[in-house]
Amino acid sequence: MKKIFSLFLIATMLILAVGCSPDKDSKKTSENVQETKTEALETEAPDSEEEPDSEEIPETEVLDSEVPESEAFEDEQDEAGQVVEVDISYPIDLMYSSGAGAWYADLILNEDGSFEGEYFDFDAGKYYTSKYSGVYYLEKINDYSYTLTFGDFTYLDEPGSVWSEGEIEYEATTSVGFEDSDEFVLYTPDTPVSELDEEFLFWYHGGELGETLGCYALRNPVSESGYFSY
């Protein structure tokens, strides 16, 4: 009886041993699967944390490149809109003459940018004359001088034409002082005389000069001739 009980006990223990074995293996298998999933997640993590594609950066560069064009346009607009400040008393009545002989030329500069003039000479019983008009443009050089250019220079009578008024014969001609230059210099009364050439001042007939010019003057830089106001 005791022997039979011992055999029964041994058989029961074997059955229990066989029944527990699969649980342990299953547990190990479950742990292996869990480890595999964890490794897979860790492997995929860097992909999800990668920075966005940098192909969008050129769009920002394109926008930035448009800024200088806008600034250049604004600068161009400002430059085109600049107005020359002119400290001048109008009208300016200028005369060109040698001081000898019967000829002279008169030029009037108006505030609206227009001009008008007249030339007169008498020689050998004939009168030579011309009347002309047009516009002029100023560009400031310094506090007392401006570059002056003429535009639409038009003669009232065609140079070379001849006519008579009673017993007086006239011939239309061109004026003097404008023949050899397209650009002139206009001086204001505050111009220092020391900065003017003596050849140009030869055409001044208004008396003794002080430290400043004291009148308006238009200088032809090619012939050094000039018109002066009196």
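A residue is called buried when its relative accessible area is under 20%, exposed when that area is over 50%, and partly exposed when the value falls in between. These legends describe a predicted model.

**View 1. The salt bridges around Lys-126 tie strand E4 to strand E7.**
The side chains of Glu-169 and Lys-126 meet in a salt bridge with an N to O distance of 3.7 Å, and this pair links distant parts of the chain, since Glu-169 belongs to strand E7 (residues 168-172) and Lys-126 to strand E4 (residues 126-142), 43 residues apart. Glu-169 has a relative accessible area of 32%, and because this value lies between 20% and 50%, Glu-169 counts as partly exposed. Lys-126 also forms a salt bridge with Glu-171, where the closest N and O atoms are 3.3 Å apart; here too distant parts of the chain are linked, with Lys-126 in strand E4 and Glu-171 in strand E7, 45 residues apart.

**View 2. Tyr-127 in strand E4 touches several residues of strand E7.**
Tyr-127 is found in strand E4 and has a relative accessible area of 23%, so Tyr-127 is classed as partly exposed, its value being neither under 20% nor over 50%. When residues up to four places away in sequence are not counted, Tyr-127 touches Phe-120, Asp-121, Phe-122, Ile-168, Glu-169, Tyr-170 and Glu-171. The C-alpha atoms of Tyr-127 and Ala-172 are separated by 8.6 Å, although these two residues lie 45 residues apart along the chain.

**View 3. Strands E4 and E5 form a hairpin.**
Two residues lie between E4 and E5 in this hairpin, and the two strands run antiparallel, joined by nine bridges. One of the facing pairs places Val-135 opposite Gly-151 in E5.

**View 4. Strand E8 pairs with strand E5 and with strand E9.**
Strand E8 (residues 183-187) is mostly covered, four of its five residues being buried. Five bridges join E8 to strand E5 (residues 145-155), and these strands run antiparallel; among the pairs, Thr-147 stands opposite Val-185 in E8, while Thr-149 has Glu-183 in E8 as its bridge partner. E8 is also joined to strand E9 (residues 217-219) by three bridges, again in an antiparallel arrangement, with Leu-186 and Leu-218 in E9 forming one of the partnerships.

**View 5. Ser-145 is a buried residue of strand E5.**
Ser-145 has its place in strand E5, and its relative accessibility is 3%, so it counts as buried by the cut-off of under 20%. The side chain of Ser-145 is joined to that of Asn-142 by a polar contact of 2.7 Å. Leaving aside neighbours within four places in sequence, Ser-145 is in contact with Lys-140 and with Val-185, Leu-186 and Tyr-187.

**View 6. The side chains of Arg-219 and Glu-224 meet in a salt bridge.**
The N to O distance in this salt bridge is 2.9 Å. Arg-219 has a relative accessible area of 18% and is therefore buried, and Glu-224, at 13% relative accessibility, counts as buried as well because this value is also under 20%. Elsewhere in the model, salt bridges that share partners join Lys-126, Glu-169 and Glu-171 into one network. A search of the whole structure finds four salt bridges.

**View 7. The largest nonpolar core has 35 residues.**
The residues with the most contacts inside this core are Leu-107, Leu-109, Phe-150, Leu-218 and Tyr-227. The largest share of the core, four residues, comes from E8. In soluble globular proteins, nonpolar side chains tend to be buried together.

**View 8. Confidence varies along the chain.**
The chain averages a pLDDT of 76, and 63% of the residues score at least 70. Confidence is lowest in helix H2 (residues 57-80), where the mean is 40, and highest in E9, at 98. Over residues 1-5 the pLDDT stays under 50, and the model has zero contacts beyond four places in sequence for this stretch. Residues 36-52 likewise keep a pLDDT under 50 and have zero contacts beyond four places in sequence in the model.

Technical notes:
Residues numbered from 1 in each chain as written. Predicted model: local features only at pLDDT ≥ 70, side-chain atom pairs only at ≥ 80, totals over all residues. Heavy atoms only, no water. Buried < 20%, exposed > 50% of the residue type's maximum accessible area, 1.4 Å probe, protein only. Pairing = 2+ DSSP bridges. Polar contact = N/O pair within 3.5 Å; in protein donor to acceptor, adjacent residues only side chain to side chain. Contact = heavy atoms within 4.5 Å. Core = buried A, V, L, I, M, F, W, Y, C linked by side-chain atoms within 4.5 Å. pLDDT = per-residue confidence, 0-100.
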